[in-house]
Amino acid sequence: KFDAGFAGINWPTDLGGQGLGHIEKITFEAEEMKHGFPNVYFGISVSCLDRKQSLPQLDPDQEPLLEYTISRAITQVVKPERPKLGVLSSIPMAGNGMPPQMGGQPGWIMYQQLQMDYEIVDVAPDAKEIPAGLGALLVIHPAEISPDTEFAIDQYLLKGGKAAIFLDAQYYFSQQQQRNPMMPAPPPQTSSTLPNLLKAWGLTFESGRVVADQGHRFSNQQRGVLTGVSSFSGEDSIDPKDPVTGQWRDVFMLLPGGFSGEPTVGLHKSSLVHSSTMTQLMDGMRASQWDQQLLTETPVTNRSYDMVVRLVGRFPTAFKDGKPKSEPATPEPPPAEGEKKDEAKPAEPVVLKEPTAEGAVILFADVDMITDNGAFQPNPLMPQIAQPYNGNYSLVLNVLEQLTGDQNLIGARSRPSS
């Protein structure tokens, strides 16, 4: 029996043609479970000091993920501060800093949402060192990344760092990047990759051609099929046993690339989202048009590509010869007679050539999937409120929660249902 006290609640609901009226107390009677369990639990509350995390309802359909869900809740309450999330991107995701009357644009919805849960640390797209103390690093569209910046990411991962990386073959919404209208800028790069790092990890990425999946192609009622746009759904493309993807049933990608290959020794690969074998490799510019001829002109590859892939383990360095050689610096003139020499410069950081701890990387084959148009349905009356219309946003949050959480949660699998 469950007794619920109602302090004079007026319940006007009409049930079976009769109003329930004024209710002081309701007693719910449940038939005793056949296996003799004395209690029935609807939810769980996990607390530590003044921090509390509630799981208001235990969904029987999500029972295989119950152990992971409880472990994640425990991790969240034992953390005294918000995790630091480094964001390295060639895209001005935070906005262009201009007032609206001068063409100013706000930051991405995804960026604004992440600011609520994380302490954002902006990392320059040409950074030569990744800041210390990050819970995870978020790399988005590293177009024309320099060897120095790849080296910085390499060293970060050798120390056991964790990263979520979004690459692209054709960044469709690049023309809508937030720019300062008072300052001319070169046209944005539509493709991005990590040439040195991916090679060291044993993977290749289709950054020059779009992977169009005809087994999961997206269609528009007014205009028909848009080549190169895929909506992945179902267990044939999304891993239902992994906690990262087990709760989501659809992932939308626009003109993505694709990952292939097997990881090097020391790394374990998990394919979280993958295409069917009915794939076609298309020119990015043509695939971004409503060009129906591409469907018949382009041969089918008969191979599947990883669209979201996770690597866990000890990452090998991509720079066995050490730090990449930069242009020689201009020598400083000797001090004039009577002048004191500057104090000694701080020592260069130690260059690692072997991993010191296990790291984790989750790679995404598309950037458009996290843009405002790719993940959200804007509200024209209230622009600050946007409704996700696919599983992209939830998937990214789940990935970052796992990367910034306990190391043991990374790569955890679901339990069999009982």
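**Figure 1. The stacked ring pair of Phe166 and Phe364.** In this predicted model, both Phe166 and Phe364 are buried. The pair is one of seven aromatic pairs counted. The ring centres of Phe166 and Phe364 lie 4.1 Å apart and the ring planes meet at 10°; because planes under 30 degrees apart count as stacked, the pair is assigned to that class. Phe166 belongs to strand β8 (residues 162–166) and Phe364 to strand β18 (residues 359–364), so that the contact joins distant parts of the chain, 198 residues apart.

**Figure 2. The edge-to-face ring pair of Trp201 and Phe315.** Here the ring centres are separated by 5.3 Å and the planes stand at 70°, so the arrangement is edge-to-face. Distant parts of the chain are again linked: Trp201 lies in helix α4 (residues 195–201), whereas Phe315 lies in the loop between β17 (306–313) and β18, 114 residues apart. Trp201 and Phe315 are both buried.

**Figure 3. Helix α3 (residues 147–158) and its surroundings.** The helix has 12 residues, which at 1.5 Å a residue should span 16 Å; the C-alpha atoms at its ends are 16 Å apart, in agreement with that expectation. Of the 12 residues, 11 are buried, and α3 is therefore largely enclosed by the rest of the structure. Among the buried residues are Asp148, Glu150, Phe151, Asp154, Tyr156 and Leu158. The elements that cover the buried residues of α3 include β5 (84–89), β7 (136–140), β8, α4 and β18. Just after the helix, Gly160 adopts a positive phi of about 95°.

**Figure 4. Strand β10 (residues 209–213) and its partner β16 (residues 279–283).** The two strands pair in the antiparallel sense over five bridges. Within this pairing, Ala212 of β10 has Gln280 of β16 as its bridge partner. Four of the five residues of β10 are buried, so the strand is largely enclosed by the rest of the structure.

**Figure 5. Pro243 in its loop.** Pro243 is situated in the loop between β12 (224–233) and β13 (250–254). Is this loop residue buried or exposed? Pro243 has a relative accessible area of 0%; because buried means under 20%, Pro243 is classed as buried. The C-alpha atom of Pro243 lies 9.1 Å from that of Ile410, a residue 167 positions away along the chain.

How values were computed: Residues numbered from 1 in each chain as written. Predicted model: local features only at pLDDT ≥ 70, side-chain atom pairs only at ≥ 80, totals over all residues. Heavy atoms only, no water. Buried < 20%, exposed > 50% of the residue type's maximum accessible area, 1.4 Å probe, protein only. Phe/Tyr/Trp six-rings, centres within 6.5 Å; stacked < 30°, edge-to-face > 60°. Pairing = 2+ DSSP bridges. Expected span 1.5 Å × (residues − 1). Contact = heavy atoms within 4.5 Å.
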